[in-house]
Amino acid sequence: MKERHLLLAGCGHAHLDLLALFVRGIPHGWRVTLVVPQPDFHYSGMLPVIMAGAVPPSAADIPVERIAAEAGINVQLASVAALDVAGRAVTLDDGRLLAFDLLSLDVGSVAAATDIRGARTHAWTMRPFTSALALLQRLDGVIATGQPRDIVPVAVVGGGAAGVEIALALRARIARAGLTPRVTMIDSQMRDGLPLPGFSPAFRRRAADALISRCVQLRGAGVQEVTDANVVLDDHAATLVPSVATAWVTGAAPHPWLTASGLPCDARGFPLASEKLTLTDDASIFGAGDCITLRGHSQTPKAGVHAVRMAPVLAANVYAVMQGRAPTAAYHPPRSFLALLSTSDGAALLRWQRVALEARWAQHLKTWIDARYLHRYRMLAPP
Ligand SMILES: Cc1cc2nc3c(=O)[nH]c(=O)nc-3n(C[C@H](O)[C@H](O)[C@H](O)COP(=O)(O)OP(=O)(O)OC[C@H]3O[C@@H](n4cnc5c(N)ncnc54)[C@H](O)[C@@H]3O)c2cc1C
């Protein structure tokens with residue numbers, strides 16, 4: 001019988017459980033290929049501590065290439081650039097064509113609104129990880145030439161959960177170097193003065209207090225342009241917000257090639273997945289994490305917690321199809337989940353159901369959760 005081919009596109013949180021399953025064995029009659037741009041996956045929960053300068057960038061790494069090798073998976077270091085659904089093939093960014101019998105997508109998302117003038121050239125997105133590191137390199141260059149207590153202005157565009165964490169982390173990095181941070185967080189949805197649109201009013205107020213007490217300025221305005229030294233707001237005065245390093249943390253947008261694939265998509269262009277995480281009726285394409293929207297849940301935020309919880313469902317269903325069974329596991333997003341946002345000075349903001357607080361123990365809890373997560377997958381391919 002002809003060997004069939006499972007293609008795994010990307011490996012973020014949602015594919016790790018599938019890799020773990022394959023370390024125990026790939027179903028008979030199948031070969032598996034993993035297409036990833038880099039040999040390591042960078043766990044985004046660790047990004048704030050890295051941005052703050054508390055740990056080195058390697059602290060976020062999960063060695064997916066080595067785990068895949070452990071499982072006997074063929075790894076292609078490349079990015080998917082196009083998907084032909086009817087032809088069951090993907091095109092890689094180096095032009096190669098890879099055919100598949102079964103495809104699973106975990107390619108995450110890209111930053112939204114990067115078409116604003118100057119954003120691509122003068123601001124840094126947090127994904128890919130190399131872009132976040134490039135922002136730090138730029139900031140460290142400025143810090144290195146500064147004198148003690150010099151003011152270092154930075155702007156963070158985006159007032160969501162990641163924006164709050166990055167603003168506080170950059171503030172901590174500058175202060176750690178003995179200079180004076182002047183951090184401005186900008187978001188057009190923050191016109192009521194509160195960050196975290198979509199969260200409960202109590203948590204939004206907590207976050208605003210945390211930011212303001214640490215001298216982060218909140219600007220409820222849109223951005224019309226980013227330059228080398230400023231962010232230009234879209235208010236009447238075209239106010240200039242000084243910034244030597246602008247972080248672009250504007251939320252998730254779909255990969256254009258996924259929207260263009262012809263798969264049914266939501267209004268934003270994310271492919272729609274069933275609760276079994278299938279994207280096609282014949283269950284030949286699966287997807288999980290930020291790159292898909294669950295049917296009937298278009299308001300569910302793109303958050304790592306969903307990608308993590310989809311991972312075992314995706315693994316069970318892809319494995320079932322490989323064994324000739326129908327997928328039966330289903331993902332039902334929780335109505336509320338634990339949110340922990342690091343303040344980068346020893347505390348964290350916590351939201352759990354109706355509880356909204358800031359505490360040092362919340363940061364200890366976050367550190368423990370992150371360490372446990374990393375350990376669980378790193379041990380699949382011990383150094
Ligand atoms: C600073 C920051 C902090 C965050 N903190 C939290 C948090 O504390 N809690 C939380 O719930 N969420 C958090 N998030 C959101 C969270 O990071 C995402 O929701 C989560 O990473 C989604 O996981 P994923 O598996 O879908 O995709 P990702 O983790 O983004 O992984 C996708 C993978 O696919 C690869 N890839 C990308 N494009 C291609 C391509 N074309 N071809 C092949 N491979 C590709 C990438 O290299 C990447 O490894 C944070 C986000 C940021 C930016």
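In what order do the five strands of the open sheet come? The order is S5-S2-S1-S9-S21, and the pairing is parallel. Keep in mind that this is a predicted model. So much for the caveat; on to the sheet.

The edges are strand S5, residues 74-77, and strand S21, residues 285-287. Each of these pairs on one side only. On average, neighbouring strands in the sheet are turned by 20 degrees against each other, direction ignored. As a general reminder, strands of a sheet pair through backbone hydrogen bonds, either parallel or antiparallel.

Let me zoom in on one pair. Strand S1 covers residues 4-9, and strand S2 covers residues 30-36. They run parallel and are joined by six bridges. One residue to click on is Ala 9, whose bridge partner in S2 is Val 35.

Now add a helix. Helix H1, residues 16-24, lies across S1, S2 and strand S9, which spans 102-105. The helix runs at about 140 degrees to S1.

Helix H1 also takes part in a salt bridge. Asp 17 sits in H1, and Arg 376 sits in helix H10, residues 360-378. The closest N and O atoms of this salt bridge are 3.5 Å apart. The two residues are 359 residues apart, and the pair links distant parts of the chain. Is each partner buried or exposed? Asp 17 counts as buried, because its relative accessibility is 13%, under the 20% cut-off. Arg 376 counts as partly exposed, at 43%.

Next, the packing. The largest nonpolar core has 105 residues. Phe 22, Met 51 and Leu 170 have the most contacts inside it. This core draws at least three residues from each of two domains. Domain 1 is 4-37 + 78-109 + 254-334, and domain 2 is 119-250. A second core lies apart from it, with 13 residues, among them Ala 119, Ala 123, Val 223 and Leu 233. In soluble globular proteins, nonpolar side chains tend to be buried together.

Take Met 51 as a probe. Which residues does Met 51 contact, leaving aside its neighbours within four places in sequence? The list includes Met 126, Ala 132, Leu 135 and Leu 136. It also includes Ile 166, Ala 169, Leu 170 and Arg 173.

Now a second site. Phe 203 is placed in helix H7, residues 201-213. Its relative accessible area is 0%, so Phe 203 is buried. Beyond its sequence neighbours within four places, Phe 203 is in contact with Leu 196, Leu 341, Leu 349, Leu 350, Arg 351 and Ala 356. Look at Leu 349 in that list. Phe 203 and Leu 349 are 146 residues apart along the chain, yet their C-alpha atoms are separated by 8.3 Å.

Back to charges. How many salt bridges are there? The count comes to ten. Arg 96 and Asp 94 form one at 2.8 Å, N to O. Both ends are partly exposed: Arg 96 at 35% and Asp 94 at 45%.

Another joins Asp 228 and Arg 138, with the closest N and O atoms 3.3 Å apart. Asp 228 lies in the loop between strand S15 (223-226) and strand S16 (230-233), and Arg 138 lies in helix H5 (residues 129-145), so the pair ties together parts that are 90 residues apart in sequence. Asp 228 is partly exposed at 47%, and Arg 138 is partly exposed at 28%.

One last item for your viewer. Arg 214, Asp 345 and Glu 358 are joined into one network by salt bridges that share partners.

Methods
Residues are numbered from 1 along each chain as its sequence is written. This is a predicted model: local features need pLDDT of at least 70, side-chain atom pairs count only at pLDDT 80 or more; totals for chains, interfaces and linings use all residues. Side-chain values use heavy atoms; hydrogens and water are left out. Two strands pair if DSSP finds at least two bridges between them. Helices (H or I, at least four residues) and strands (E, at least two) are DSSP runs, numbered from the N terminus. Axes are lines fitted to C-alpha atoms, for helices over the stretch in contact, and angles run from 0 to 180 degrees between N-to-C directions. Contact means heavy atoms within 4.5 Å. Buried means under 20% relative accessible area, exposed over 50%, partly exposed in between (1.4 Å probe, protein chains only). A nonpolar core is a set of buried Ala, Val, Leu, Ile, Met, Phe, Trp, Tyr and Cys residues joined through side-chain atoms within 4.5 Å. Domain bounds come from an automatic or database domain assignment. A salt bridge is a side-chain nitrogen of Lys or Arg within 4 Å of a carboxyl oxygen of Asp or Glu.
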